[in-house]
Amino acid sequence: MTESPSPSWDASQRSDGDQPPLPPARFAYDRHTWKEIAHLLANLPLALLGFVYVVTVLFTGALLTLTVIGFPLLAAGLVGARQLGKLERSRARALLGVRVDEPSPLPLRGGKDGFFPQLWLALKDPVGWRTILYDFIRLPWGILTFVITLTSLFVLWPVLPFIARGLTNADRAMVRGLLSPSDELERRIAELESDRGVVVDTAAADLRRIERDLHDGAQARLVNLAMGLGLAKEKLLEDPDGAASMVAEAHGEVKLALQELRDLARGIHPAVLTDRGLDAALSAVASRCTVPVKVTVDLLSRPAAAIEGIAYFTVSELLQNISKHSGAKSASVDVWCSDDRLLIQVGDDGRGGARLDGGTGMRGLADRLDAVDGLFVIESPLGGPTTVTAELPWRDRVPGQG
């Protein structure tokens, strides 16, 4: 490919047979080429260091696994391999221009989770094992690149930039393939850790609510019932009419306690949901709402019990919010399945203004759905109407599952 003549060259000064002047000669060994050469020459000493470390760790760890210190030593070796990987990533960034993010650190937490769980976490570390593999295969490659580069400096120096570029491209591929973190895996691990914390917190809050409801409701009524029956027993002989009246009051307390226990059991997992599914359960919830609710459930089969339960409690909480806060005259609940997702849409014609941080339990619903890879979207402009869309992964129901 020819280059345009320099501005100082006048085209009118040549005849038709003249050729345009050649571009000026340039030095092929620019700073990027020298960085690549330096990287290739440094491959051998660093490959030797990594290979000796890997062989020592694997041989010593495997030999001592017959004793109690073998596995801890192997785990410590894998943690140390991470540091070698960090060194190689830094060298690749500085000399090859490869932008490789650092992997997430191991969540060892100072041994707070116990020795054996932390030991197992270190032993199954994929970053450590990939670094071990990288350092193990680098020795023959380090020898090859060192010999070729050093020889080419004296024998093949005119084509050395091309040789260096080809060899360092192979280095770049190895760094990206074995030393770079898996972005999707890292993201998924972080999400699962966050979701696990949400699930644990939600379960603890539910247990506290059940304990509070039992203590303040049914338990208190049962205590009053026992005291009333005790007094009725004492008056049975001396005041039969008074004892009969107290027994009648106790009978009323029994009915109220049973009703509270039924409500509590319905809040944990309603029997109608287990026996008849979402259509009947949501219709029952809608009948208790202070706003007329139209329920439409279009499902060919029932989802897994966990997904069904989350869908039920999501709709139940949303209908309670409509009863308490919306000022609506009508509401609707639609449930259907599309592309392996269970979709729920709850709408009302109330005053609107619902938000995730509005203090009506919306944030808790969003966290509960997020913990199972679900979505929670609110559209509620001031003045209404409000539409809440929830999306859950569809999981088939296990045969015999309650």
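Visitor: Let's start with helix 2 and helix 4. Is their crossing left-handed or right-handed?

Guide: The crossing of helix 2 and helix 4 is left-handed. Keep in mind as we go that this is a predicted model.

Visitor: How do I read a pair of packed helices in general?

Guide: Two numbers do the job: packed helices are described by the angle between their axes and by the distance between those axes. In this case, the axes of helix 2 and helix 4 (residues 126–154) come within 8 Å and cross at roughly 65°. Angles of 65 to 115 degrees count as roughly perpendicular, so helix 2 and helix 4 are roughly perpendicular to each other.

Visitor: Which residues of helix 2 and helix 4 meet?

Guide: On the helix 2 side you'll find Leu74, Leu78, Ala81, Arg82, Leu84, Gly85, Glu88 and Arg91. They meet Val127, Gly128, Trp129, Thr131, Ile132, Tyr134, Asp135 and Arg138 in helix 4. Sorted by type, the residues of this contact come out as eight nonpolar, three polar and five charged.

Visitor: And how do helix 2 and helix 5 pack?

Guide: Helix 2 and helix 5 (residues 160–179) pack at an angle of about 140°, and their axes are 11 Å apart. Roughly antiparallel needs an angle over 145 degrees, so this pair counts as oblique. The crossing of helix 2 and helix 5 is left-handed. From helix 2, the contact takes in Gly85, Glu88, Arg89, Ala92 and Leu96, and from helix 5 it takes in Thr168, Asp171, Arg172, Val175 and Leu179. These residues split into four nonpolar, two polar and four charged.

Visitor: Now for empty space inside the model. How many cavities of 30 Å³ or more are there?

Guide: The count comes to one cavity of 30 Å³ or more. The largest cavity has a volume of about 40 Å³.

Visitor: Which residues line the largest cavity?

Guide: Its lining is made of Leu46, Gly50, Leu84, Leu87, Glu88 and Asp135. You've met some of these names already: Leu84, Glu88 and Asp135 are among the residues where helix 2 and helix 4 meet. By type, the lining has three nonpolar residues, one polar and two charged.

Visitor: Which helix gives the most to that lining?

Guide: Helix 2 does, with three residues. Helix 1 (31–64) and helix 2 (70–96) each supply at least two.

Visitor: Can we finish with another pair? At what angle do helix 9 and helix 10 cross?

Guide: Roughly 20°, with the axes of helix 9 (residues 278–287) and helix 10 (residues 305–326) coming within 10 Å. Angles under 35 degrees count as roughly parallel, so helix 9 and helix 10 are roughly parallel to each other. Their crossing is right-handed. In helix 9, Leu278, Ala281, Leu282, Val285 and Ala286 meet Glu308, Ala311, Tyr312, Val315, Ser316 and Leu319 of helix 10. The residues of this contact divide into nine nonpolar, one polar and one charged.

Notes: Residues numbered from 1 in each chain as written. Predicted model: local features only at pLDDT ≥ 70, side-chain atom pairs only at ≥ 80, totals over all residues. Heavy atoms only, no water. Axes fitted to C-alpha atoms, helices over the stretch in contact; angles between N-to-C directions. Helix = DSSP H or I, 4+ residues; strand = E, 2+ residues; numbered from the N terminus. Left-handed = near helix turned anticlockwise from the far one by under 90°. Contact = heavy atoms within 4.5 Å. Nonpolar A, V, L, I, M, F, W, Y, C, P; charged D, E, K, R; others polar. 1 Å grid on protein atoms, 1.4 Å probe; cavity = no way out; pocket = protein on both sides within 12 Å on 5 of 7 lines; lining within 4 Å. Points joined across faces, edges and corners; volume = space filled by probe spheres on them.
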